[in-house]
Amino acid sequence: MTVLVLGGTAEARALAALLVEDGVPVVSSLAGRVARPRLPVGEVRVGGFGGVEGLAEHLRGAGVTAVVDATHPFAAVISGNAYAACTATATPLLRLERPGWSGEPGAARWHWVDDNAAAAALTAELGKRPFLTVGRQGLAAYAAPLAERAALVRVVDPPEIEVPATWTVLEDRGPYDLAGEERRITAHRADVLVTKDSGGTWTRPKLDAADRLGIPVVVVRRPAGPHGVELVSTPADAAAWVRRQG
């Protein structure tokens, strides 16, 4: 069998390591949006497939027998393409997704919104010195509503837009710790934290720091994934599913 793992998440890397250890042929596919990605073990391809038809053609041509969608929780387009291509080719598909933060302590106090536009509008009401941690791809929604705000914007790679002159861009990559996040929020005098419901532990400390410092938190909810796709939350469970396909 040949397994295609979509995504450059920590869960995707952990799954690839488990499959390589089991002797399962696996190819990890990264979108190529991050300049210096952390690479998994095993074979790696970088770049898109060319939409649903391109992915379906790859599945047939490469003899892929199972696909694990381990992309970021907000990579809705890629997940949708994977579902359509796997349906078209009758290829088994599994979704590996880390749990979100909606059930975490403090979540009931946070402001939950459906998209970046709603987050930007609410942030403009809540504070004047926001700390934006929503990723570079979503920043366009914040540029106009927060053009006059002294925002601290943390991204892994440089923004794809021209940011307002009032913004400070910080290129950095997790994992982070509570003390460091408290220092960062305090140094910037941030009065509202904005993030996405990415889940996981690497970036969770910013939420705890905001709660401890008493500043409001705005969280963008995850988009709904394709209906009917089996979902697991750990690489071990995903590896067990792969074994059952063989």
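**Exercise 1. One face of a helix**

Task: Find which residues of helix H3 are buried, and work out how they are arranged around the helix.

Solution.
Step 1. In this predicted model, Ser79, Ala82, Ala85, Cys86 and Thr89 are the buried residues of H3. Buried here means under 20% relative accessible area.
Step 2. Look down the axis of H3. The buried residues fall within an arc of 135°, so they line one face of the helix.
Step 3. Now turn to the other side of H3. Val77, Thr87 and Ala88 are exposed there.
Step 4. Ask what the buried residues of H3 pack against. The partners are strand E1 (3-6), helix H2 (51-61), strand E4 (66-69) and E5.

**Exercise 2. The span of H3**

Task: Compare the expected span of H3 with the distance between its end C-alpha atoms.

Solution.
Step 1. H3 has 14 residues. The expected span is 1.5 Å times one less than the number of residues.
Step 2. For H3 that gives 20 Å.
Step 3. The end C-alpha atoms of H3 are 20 Å apart, which agrees with the expected span.

**Exercise 3. After the helix ends**

Task: Describe the phi angle and the surroundings of alanine 90.

Solution.
Step 1. Alanine 90 follows H3. It sits in the loop between H3 and E5.
Step 2. Its phi is positive, about 55°, although alanine 90 is not a glycine.
Step 3. Check the accessibility. Alanine 90 has a relative accessible area of 68%, so it is exposed.
Step 4. Set arginine 189 beside it. Arginine 189 is also not a glycine, and its phi is positive, near 60°. It lies in the loop between H6 and E10. Its relative accessibility is 55%, so arginine 189 counts as exposed.
Step 5. Add two glycines that come after helices. Glycine 63 follows H2 and has a positive phi near 65°. Glycine 214 comes just after H7, with a positive phi of about 75°.

**Exercise 4. Two more helices**

Task: List the buried residues of H2 and of H7, and name what they pack against.

Solution.
Step 1. Start with H2. Gly54, Leu55, Ala56 and Leu59 are buried.
Step 2. The cover over these H2 residues includes E1, E4 and H3.
Step 3. Go on to helix H7 (205-213). Its buried residues are Pro205, Lys206, Leu207, Ala209 and Ala210.
Step 4. The buried residues of H7 pack against strand E7 (130-133), strand E8 (152-155), H6, E10 and strand E11 (217-220).

**Exercise 5. A buried valine**

Task: Place valine 5 in the structure and find its contacts.

Solution.
Step 1. Valine 5 belongs to strand E1.
Step 2. Its relative accessible area is 0%, so valine 5 is buried.
Step 3. Leave aside its neighbours within four places in sequence. Valine 5 then contacts Ala12, Leu15, Leu19, Val26, Val27, Ser28, Ser29, Val68 and Ala70.
Step 4. Take alanine 70 from that list. Valine 5 and alanine 70 are 65 residues apart in sequence. Their C-alpha atoms are 6.6 Å apart in space.

**Exercise 6. Two loop residues**

Task: Decide whether serine 198 is buried or exposed, and describe the peptide bond that leads to proline 175.

Solution.
Step 1. Serine 198 lies in the loop between strand E10 (192-196) and helix H7.
Step 2. Its relative accessible area is 12%. That is under 20%, so serine 198 is buried.
Step 3. Set aside residues up to four places away in sequence. Serine 198 touches His72, Pro73, Phe74, Arg98, Trp101 and Arg222.
Step 4. Move to proline 175, in the loop between strand E9 (168-171) and helix H6 (178-188). The peptide bond from glycine 174 to proline 175 is cis, with omega near 10°.

**Exercise 7. A pocket and its lining**

Task: Describe the space in the second largest pocket and the residues that line it.

Solution.
Step 1. The second largest pocket holds about 310 Å³ of space.
Step 2. It is lined by 17 residues. Closest to its centre are Arg95, Glu97, Ala224, Gly225 and Pro226.
Step 3. Sort the lining by element. Helix H3 (76-89) and strand E5 (93-96) each give two or more residues. H3 gives the largest share, 3 residues.
Step 4. Sort the lining by type. There are 9 nonpolar, 4 polar and 4 charged residues.

How values were computed
Residues are numbered from 1 along each chain as its sequence is written. This is a predicted model: local features need pLDDT of at least 70, side-chain atom pairs count only at pLDDT 80 or more; totals for chains, interfaces and linings use all residues. Side-chain values use heavy atoms; hydrogens and water are left out. On a 1 Å grid over the protein atoms alone, a cavity is a set of points where a 1.4 Å probe fits but cannot get out, and a pocket is an open set with protein on both sides within 12 Å along at least five of seven lines; lining residues have an atom within 4 Å of a point. Grid points are joined across faces, edges and corners, and a volume is the space filled by probe spheres set on the points. Helices (H or I, at least four residues) and strands (E, at least two) are DSSP runs, numbered from the N terminus. Ala, Val, Leu, Ile, Met, Phe, Trp, Tyr, Cys and Pro count as nonpolar, Asp, Glu, Lys and Arg as charged, and the others, Gly among them, as polar. Buried means under 20% relative accessible area, exposed over 50%, partly exposed in between (1.4 Å probe, protein chains only). The arc is that of the directions from the helix axis to the C-beta atoms. Contact means heavy atoms within 4.5 Å.
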